[in-house]
Amino acid sequence: MATKPRAVSKRAAKSRQKTPPDTKIGNGGETHQLATDTVLTTQQGTPVADDQNTLRLGERGPALLEDFHFREKIFHFDHERIPERVVHARGYGAHGYFETYRPLTELTRADVFARGGERTPAFVRFSTVAGSKGSFDLARDVRGFAVKLYTQEGNWDLVGNNIPVFFIQDPIKFPDMVHAVKPEPDRAFPQAQSAHDNFWDFVSLMPESTHMLMWVMSDRAIPRSFRFMEGFGVHTFRFVNAKGKSRFVKFHWKPEAGMQSVLWDEAVKINGADPDFHRRDLWDAIGQGDFPSWELGIQVFDDDFADRFDFDILDPTKIIPEEIVPVERVGRLVLDRVVDNFFAETEQVAFCTQNIVPGIDFTNDPLLQGRNFSYLDTQLKRLGSPNFTHIPINAPKCPFASFQQDGHMAMRNPVGRVNYEPNSWEGADRGPREDPVRGFTSYAAEEGGAKRRLRPSSFADHYSQARQFYRSQQPLEQQHIIEAFTFELSKVETPAIRERMVANLRNVDEDLARGVADGLGLPQLPAPSAPAVEPRDDLAASPALSILANAPDSFAGRKIGLLVADGASAAAVAAVQRAAKAEGAVVEVIAATITGATLDDGQLLPADQKLGGGPSVLYDAVVVLATEPGAELLATQPPAKEFVTHAHVHGKFVGYTPGAAPLFDAAGVVPDDGYVDVQRRGGAKQFGAVCRSLRHWPRLVPPTG
Ligand code: HDE
């Protein structure tokens, strides 16, 4: 039945006399703060009487072309999407600030480093690389770590990753590399996964990718949270001081909460239970006032060191071990504000590697040079106009002025007569002028040589640092690397590709190659592939490369899953909550229903998750609070059993009250040293303290022999 057109309500009629709604200019652009009684209008401001029905002839007749409200609404909806990023499509951003510890004027004239204690506004976007915008967060992948610092001398974008090296040495291979890792073009799968033939075909034919592969197959590629991962500028950059002296610099971000990763089995399950795990984690942490933070570290070195170093400092597949050039901490990045609007800020933010400021300069790292071309180009495609710099998230926060004008969606239109330079106008009309002293000057590096397409011979060692990385890992981490290679290559359908990869791994480490070959069930080890340069055996292990060797010994910022049955001890709940707070951790309650559980004091403890909606993979540690009858009831529920089994096999610490025993029995787990009775005097506190090790590692070490 047709609905009758509605009469204009008294409320709407009244609001007509009001002033227009407030408009707030935020980082996301103009975000309109609507008054509660605002009337719905078209984009032209015409009040809308009926937003439920299109304009039609008669009750059941055809639609009319003159329905401008419908036309405008559908037109706008049809154009809501902009192209997602070709790579790094899935990401999440937040605002914050960067604070310099002390002036770095002896190294650089960058204004951002000029004054100790000064804060510079920042926007950071974390991302996965391979998956599309709607893919899951816990892909095995590199994470983007892109930082925009709105300095007083212009925007500085440090567009880095959570892995300090890259797959390729020359940017001309980037489209091939990305094509190879993305879903295969005929079948359009797999999504957000490198575990397929095309990827392994490509990388096994590109030995320069081996070092990066070690990192991607390590736990670095499945971080527990954006908050618990390192970031790297990757390339060697230059610092240039006021006297024009240049030194090389590599940038590092060190998470103050320490590094932490999930296990692969957790990653797979988290992707089902909460595909937004990482973005939710960032949103929640900032919302709770637990602001994620990183220290900025720099490795500074001169030409002399560059000439002496074992590898070419321009080769983006190499690191400089921290044990050789220490990382000096020079400032701190804090993320303290979520976005107002995801599209306006996180989607429209346009990072460009060429956004640098006086005092910082490029080197000839071929990848960096290629990126400097790519990012501007990609932003034009994505955002549709050279005026993407007018979007508030991209605009500098310092004064800026140029004679660039017009174009699609120009929002900053200068007034006055002059739009060229040089000009002879004076006063307000003269427009901006160049400043040879304050302005950006490129470091006057001497360059020369024949014009050629050539890979430098100094880039030819593809295996030594891969070996160094592997040998710097703890045994459990090495085992994870073997398992990851085995998993990925087991998804490869073509035996020759699997074998070629194992042949390459023989140049890294024999145990690694053998472990993967065994995992794949290869009848015999393939002969090692011929390396361009014989891998070195004399590089010292670098403990800084291991996550486990640098464990934070802190449970701060982590999350406990508290499974509670009706009748459970209210005192134990309170003790666990107190212990969690003391450790800086948060507690999420899981009960049979979302309403919650009624405790032994008759009070209702509201739940955050219904049983099954909050599996233990979403938590860093778990607690099971139940009386015996409560646990017997839970033991009949598969999600409750899984909660315990998974927590156990994933090496989590388990807090419990003795009544929980029937559930443990039903789940088939035998409590070990990683189980703590929280009802015991001081038990909850002890549970909080043991959680600082993050996992009960002995449970994860495979039996020997
Ligand atoms: Fe990128 N990369 N990249 N990349 N990259 C992009 O720019 C590119 C590389 C990185 O959160 C694109 O805005 C080339 C290394 C991050 O918005 C594109 C090469 C590193 C982000 C592009 C590289 C990165 C991007 C796609 C080889 C670590 C996400 C969308 C020469 C140091 C930024 C976009 C964000 C995004 C090109 C290699 C990091 C196509 C050609 C090495 C964190 O321009």
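**View 1. The shell around the ligand in this predicted model.** The ligand is surrounded by 22 residues, each with a heavy atom within 4 Å of it. R85, R125, R371, Y375 and Q379 come nearest. By class, the shell holds 11 nonpolar, 8 polar and 3 charged residues. Gly counts as polar here, and Tyr, Cys and Pro are among the nonpolar types. Local features need pLDDT of at least 70, side-chain atom pairs count only at pLDDT 80 or more, and totals for chains, interfaces and linings use all residues. Numbering runs from 1 along each chain as its sequence is written, and side-chain values use heavy atoms, without hydrogens and water.

**View 2. Polar contacts to the ligand (N or O pairs within 3.5 Å).** Polar side-chain atoms of S374 and Q379 each face a ligand oxygen atom, S374 at 3.0 Å and Q379 at 2.9 Å. Y375 places a polar side-chain atom 2.6 Å from a ligand nitrogen atom. β5 (143-151), β6 (154-161) and α10 (366-383) are the elements giving two or more residues to the shell. Helix α10 gives the most, with 6 residues.

**View 3. The iron atom of the ligand.** Y375 (OH) is the single protein donor, 1.9 Å away. Donors are N, O and S atoms within 2.8 Å of the metal (3.2 Å for Na, K and Ca). Y375 sits in helix α10.

**View 4. The largest nonpolar core.** This core is a set of 49 residues, buried (under 20% relative accessible area, 1.4 Å probe) and joined through side-chain atoms within 4.5 Å. F167, W200, M214, F485, L512 and V516 touch the most other members. Elements giving two or more residues include α3 (174-181), α12 (475-490) and α14 (510-520). Domain 2 (91-394) and domain 3 (463-549) each supply at least three residues.

Methods. A polar contact is a pair of N or O atoms within 3.5 Å; within protein, one must be able to donate a hydrogen and the other to accept it, and residues adjacent in sequence count only if both atoms are side-chain atoms. Helices (H or I, at least four residues) and strands (E, at least two) are DSSP runs, numbered from the N terminus. Buried means under 20% relative accessible area, exposed over 50%, partly exposed in between (1.4 Å probe, protein chains only). Domain bounds come from an automatic or database domain assignment.
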